[in-house]
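Please open the model in a viewer and keep the selection tool at hand. The tour proceeds stop by stop, each beginning with a selection.

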Amino acid sequence: MGNLWVRFSCSTQLYLIIHQNCITNIFLSIFYAIDVLAYSLGGAREFLQRRSDLYGPNYASLGRIICGEYNKCAKIINSPQQRGAFLGRARLMPSRVSRNFPLFLSDSDAGGSDLHEILHQHFWVELSTSAFGRLSDSAFQDYLREGVEKINANGKARNVKKVVQEMTAKYIFHAIFGLVLTEEQVKAVTDLFFSNGPTSSYVGGALRPYAVPFGCLQCKRRRLISSLTELVMSSPALENYVPNDSTVFMSKIRYAELMLELTGIAGCLGSFNLCMQVLNDIPQEYPINLEDKMEMTLAVLEAARLRAPVNNVNVILHKEMALSVNYTPYVFPRGTVVAASIGLASLDPNEFDQPMEFNPKRSNLIKSSIIFNHVGFSPVGSGKRQCPGRNIAMKMACDLLVENRKSYAPP
C-alpha cells in the first residue's frame, strides 16, 4: 500500500512540474507538505532511497525534481547556482530568516549579485582561518572525550543524539566565536537548532507550510534568537567588529544574527550529522591507523559518503536542463526547482563500486566526494560554494574517531 502511494505521488508530481501553472502549483504544494512530513518522520536516507528504488536516481518528490544521478548531480554542484529559500528538504519563509543568508543567495552568473561571493570569501579568509586556529586549545579534545564517556555510560540511541548535539554546540561555538558555553547556553543552542517545534526551532519556526499558523506563537523562538545574538555580539570573535566591504557593511547586530544562523544551521547541524556518521557508519573492527591523518580523513569521508551529512542542494534552473526522470528523458525549462541529492549521488553504483560497503580505500573517494557541496575534497581553497567550515568539521570528526577508538573494547 505504501509503494502505491509513493508511485502515485511521484508520477503526479512529475506531471504537475511539467505542466506548471497557478492551479497545478497549488496541488504541488500539497504534495510537498505531505512529503516533507514523511521525510522528517522517516529520515532522509529512507525517504530518498525508497523512491529511488522504484523510479531510479532521478524522480519528482518534495514538490521538485530530485537528481540522484552522480554525473548530473556533480554538474549541478559545479555550475553557477540560482538559489531560493530552500534548506535541504524544506521550503522556508524568507521573512523568518536573515536577509543575507548565504545558502539562499544566487551566484552572480546565475542571475544573482556578487553578494554571495563576497560573503563566502569573508567566511573562508577571516572566520574559518581564525576558528581553525582556536582548535589547538585542549578544551576541544576535552569536549570530545567527555562526549564519548557519556555515550559509553548511557548508549541508548536517543541519549547518544542528545550527547552529540551538546558536544557539537560546545565545540562549534567555541571554535567560531571563542565562546565557552555554559550549560544554560548549550540548552539554548540545542533548543533553537536541534528541536523541531514550530514555536522554538529556528528551522521549524520558518518551515512552510507548518510554521505559517504559528506566526503569533514565536515568542520562545524570538527569545532564543535574541539572547544568542547578544551572546555572539559580545564574543571574542566580534568584539572588534567594524562594518566593512568584506561584510557588505552590515551592522554589528545584523552580522551577529547572520553568524548565529550560519553557525547553528551549517556549523552545528552539519557537524552533528558528520559526527553521528563517524559513530554509526565506521565499523569498530575496521583497522584504521590513528597516527595517520590521511587514513582517518578517508575513513570519515567514506562514512559521510554512506550517509551524507547534507542530503540536498536545491537550485532553481537558470537555463534548461535535460534529465532522465522515472527512466524517461525530459528537458526541464528555466525556473524548475531541482535538488541535487548528495545523499543519493554518493551511493550511485555507476560512480562507486559496491556503494553500500564501507571501503575508505576507494581509488576515487577524494576525487568524487561531493559531501561539502563541491566535487572533490581538498582542505585548501574556498571554492565557489564549498562549505567554508569543512576543515573544522573534518578535524572534529577525525578527533572524535580517535577518542571513540580509544574507548573501544573488542568483544
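The stops below cover a helix, a strand with its partners, aromatic rings and charged pairs. The model is a predicted one.

**Stop 1: helix α3**

Select residues 44-55, which form helix α3. These 12 residues reach 17 Å from the first C-alpha to the last, close to the 16 Å expected at 1.5 Å a residue. Colour the buried residues of α3 next: Ala-44, Arg-45, Phe-47, Leu-48, Arg-51, Ser-52, Leu-54 and Tyr-55. Two arginines, Arg-45 and Arg-51, are thus among the buried residues of this helix. Then step just past the end of α3 to Gly-56, where phi is positive, at about 90°.

**Stop 2: strand β8 and its partners**

Move to residues 337-341, strand β8. Is this strand enclosed or open to the outside? Five of its five residues are buried, so the rest of the structure largely encloses β8. Show the side chains to see how the two faces are covered: Val-337, Ala-339 and Ser-341 belong to one side, Val-338 and Ala-340 to the other, and all of them are buried.

Now add strand β2, residues 64-67, which runs parallel to β8 and is joined to it by three bridges. Add strand β5, residues 312-316, as well; its pairing with β8 is antiparallel and extends over five bridges. Centre the view on Ala-340 in β8, which has Cys-67 opposite it and also Val-313 opposite it.

**Stop 3: aromatic rings**

A pair of aromatic rings is described by the distance of the centres and the angle of the planes. The model contains 15 aromatic pairs. Select Phe-140 and Tyr-143 for one of them: the ring centres are 5.9 Å apart and the planes lie at 85°, so the pair is edge-to-face. An angle over 60 degrees is what places a pair in that class. Both residues belong to helix α6, residues 138-153, and because they are three residues apart there, about one helical turn separates them. Phe-140 is buried, at 2% relative accessible area, and Tyr-143 is buried as well, at 11%.

For another arrangement, select Phe-372 and Phe-377, whose ring centres are 6.0 Å apart with planes at 40°, so this pair is tilted. Both Phe-372 and Phe-377 are buried. Then select Trp-5, Phe-8 and Phe-31 together, since these three form one aromatic cluster.

**Stop 4: charges over rings**

Select Tyr-32 and Arg-91. The charged end of Arg-91 sits over the ring of Tyr-32, at 5.4 Å from the ring centre. Then select Tyr-202 and Arg-221: here Arg-221 lies over the face of the tyrosine, 4.8 Å from the ring centre.

**Stop 5: salt bridges**

Side chains of opposite charge can pair when their charged atoms come close. How many salt bridges does the model hold? The count comes to 13.

Begin with Glu-302 and Arg-362, which form a salt bridge with the closest N and O atoms 3.0 Å apart. This pair links distant parts of the chain: Glu-302 is in helix α11, residues 293-306, while Arg-362 is in the loop between α12 and α13, 60 residues apart. Glu-302 and Arg-362 are both buried.

Next, select helix α10, residues 252-281, and find Arg-254 and Glu-257, three residues apart, about one turn of the helix. Their side chains meet in a salt bridge of 3.1 Å, N to O. Arg-254 counts as partly exposed at 46% relative accessibility, and Glu-257 does so at 25%.

Finally, return to helix α6 and select Asp-142 and Arg-145, which are three residues apart and therefore separated by about one helical turn. Their salt bridge brings the closest N and O atoms to 2.7 Å. Asp-142 is partly exposed, with a relative accessible area of 30%, and Arg-145 is partly exposed, at 32%.

Conventions:
Residues numbered from 1 in each chain as written. Predicted model: local features only at pLDDT ≥ 70, side-chain atom pairs only at ≥ 80, totals over all residues. Heavy atoms only, no water. Helix = DSSP H or I, 4+ residues; strand = E, 2+ residues; numbered from the N terminus. Expected span 1.5 Å × (residues − 1). Buried < 20%, exposed > 50% of the residue type's maximum accessible area, 1.4 Å probe, protein only. Phe/Tyr/Trp six-rings, centres within 6.5 Å; stacked < 30°, edge-to-face > 60°. Lys NZ or Arg CZ within 6 Å of the ring centre and 35° of its normal. Salt bridge = Lys/Arg side-chain N within 4 Å of Asp/Glu carboxyl O. Pairing = 2+ DSSP bridges.
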